[in-house]
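Here is a briefing on a single protein chain. Look through the sequence and structure first, then read the points by topic.

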Amino acid sequence: MNAKIDLPGALLAWNTDTFAVTLKHDIEVLGAAAIGLDRCLTGFGIIDKAITVIVLGADDQDEVIEARIMILYTVIETLYCCPDCSGEDAVQKACEMTVYIRKSDAASLFIASPSSESLGF
């Protein structure tokens with residue numbers, strides 16, 4: 001399932017010098033759970049709530065803005081070494097996503113990797 005969110009701030013900032021900064025801020029405020037970052041998780045663990053967003057680029061695609069982003073995040077993994085001991089390990093990870101922002105209403109769709117999936121707003 002893809003996360004669907006409104007990003008009106010990023011839409012208003014489109015075609016300005018502040019677009020990348022605005023998009024970065026808006027997504028970081030939403031956090032990992034809201035954007036479906038768990039789809040990037042390939043193993044066991046819990047994603048820390050804090051994320052860092054890097055805007056790689058964005059293009060005008062007629063009715064939508066297509067932004068490519070990299071999400072940097074931390075996964076907390078539980079380690080079991082022996083029956084009497086356990087611990088946690090923080091692992092740094094990255095996930096590329098494409099964000100589609102519909103120009104008519106700022107409805108946004110996050111896709112974990114570029115693919116042939118339908119935008120499905």
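Asp-105 has a relative accessibility of 41%, so Asp-105 counts as partly exposed. Its side chain meets that of Arg-102 in a salt bridge, 2.9 Å from N to O. Arg-102 is also partly exposed, with a relative accessible area of 24%. The model is a predicted one.

**Charged pairs**

- The count of salt bridges comes to four, and the one between Asp-105 and Arg-102 is among them.
- Lys-24 and Glu-28 form another salt bridge, with their closest N and O atoms 2.6 Å apart.
- Both Lys-24 and Glu-28 sit in helix α2. They are four residues apart, about one turn of the helix.
- Lys-24 is partly exposed at 29% relative accessibility. Glu-28 is partly exposed too, at 27%.
- Arg-68 and Asp-59 join their side chains in a salt bridge of 2.9 Å, N to O.
- Arg-68 has a relative accessible area of 28%, which makes Arg-68 partly exposed. Asp-59 reaches 33% and is likewise partly exposed.

**A buried acid without a partner**

- Glu-66 belongs to strand β3.
- Which side chain of opposite charge is nearest to Glu-66? The nearest is Arg-68, 4.3 Å away.
- A salt bridge needs a nitrogen within 4 Å of a carboxyl oxygen, so Glu-66 at 4.3 Å from Arg-68 has none.
- Glu-66 is nevertheless buried.
- Beyond its neighbours within four places in sequence, Glu-66 contacts Gly-57, Ala-58, Asp-59 and Gln-61. Thr-98, Val-99 and Tyr-100 complete that list.
- Asp-59 thus appears twice: in contact with Glu-66, and in a salt bridge with Arg-68.

**Overall layout**

- The chain holds two helices and five strands.
- Along the sequence, their order is β-α-α-β-β-β-β.
- The chain has 121 residues, and 36% of them are buried.
- Take the contacts between residues at least 6 apart in sequence: 52% of these join residues at least 24 apart.
- The accessible surface comes to about 7,100 Å². Carbon and sulfur atoms account for 54% of that surface.

**Nonpolar core**

- In soluble globular proteins, nonpolar side chains tend to be buried together.
- Here the largest nonpolar core has 27 residues.
- Which members touch the most other members? They are Ile-27, Leu-37 and Ile-71.
- At least two core residues come from each of α1 (8-13), α2 (19-30), β2 (46-61), β3 (64-82) and β4 (85-102).
- β3 gives the most to this core, with six residues.
- Leu-37 contacts Ala-32, Ile-47, Ile-51, Ile-71, Tyr-73, Cys-95 and Met-97, leaving aside its neighbours within four places in sequence.
- Ile-71 is therefore on the contact list of Leu-37, and both rank among the residues that touch the most other core members.

**Aromatic pair**

- How many aromatic pairs does a search of the whole structure find? The search finds one.
- The pair is Trp-14 with Phe-19, their ring centres 4.9 Å apart.
- The ring planes stand at 80 degrees, so the pair is edge-to-face. The cut-off for that class is over 60 degrees.
- Both rings belong to buried residues: Trp-14 at 17% relative accessibility, and Phe-19 with a relative accessible area of 6%.
- The limit for buried is under 20%, so Trp-14 at 17% still qualifies.

**Positive phi angles**

- Most residues other than glycine have a negative phi.
- Asn-15 has a positive value, with phi near 65 degrees.
- Asn-15 is placed in the loop between α1 and α2.
- Is Asn-15 buried or exposed? At 64% relative accessibility, Asn-15 counts as exposed.
- Ala-106 also has a positive phi, near 70 degrees.
- Ala-106 lies in the loop between β4 and β5 (107-111).
- Ala-106 counts as buried, because its relative accessibility is 3%.
- The two loop residues thus fall into opposite classes: Asn-15 is exposed, whereas Ala-106 is buried.

Terms used: Residues numbered from 1 in each chain as written. Heavy atoms only, no water. Core = buried A, V, L, I, M, F, W, Y, C linked by side-chain atoms within 4.5 Å. Buried < 20%, exposed > 50% of the residue type's maximum accessible area, 1.4 Å probe, protein only. Contact = heavy atoms within 4.5 Å. Phe/Tyr/Trp six-rings, centres within 6.5 Å; stacked < 30°, edge-to-face > 60°. Lys, Arg positive; Asp, Glu negative; His and termini not counted. Areas by Shrake-Rupley, 256 points an atom, 1.4 Å probe, with all protein chains shown as cover.
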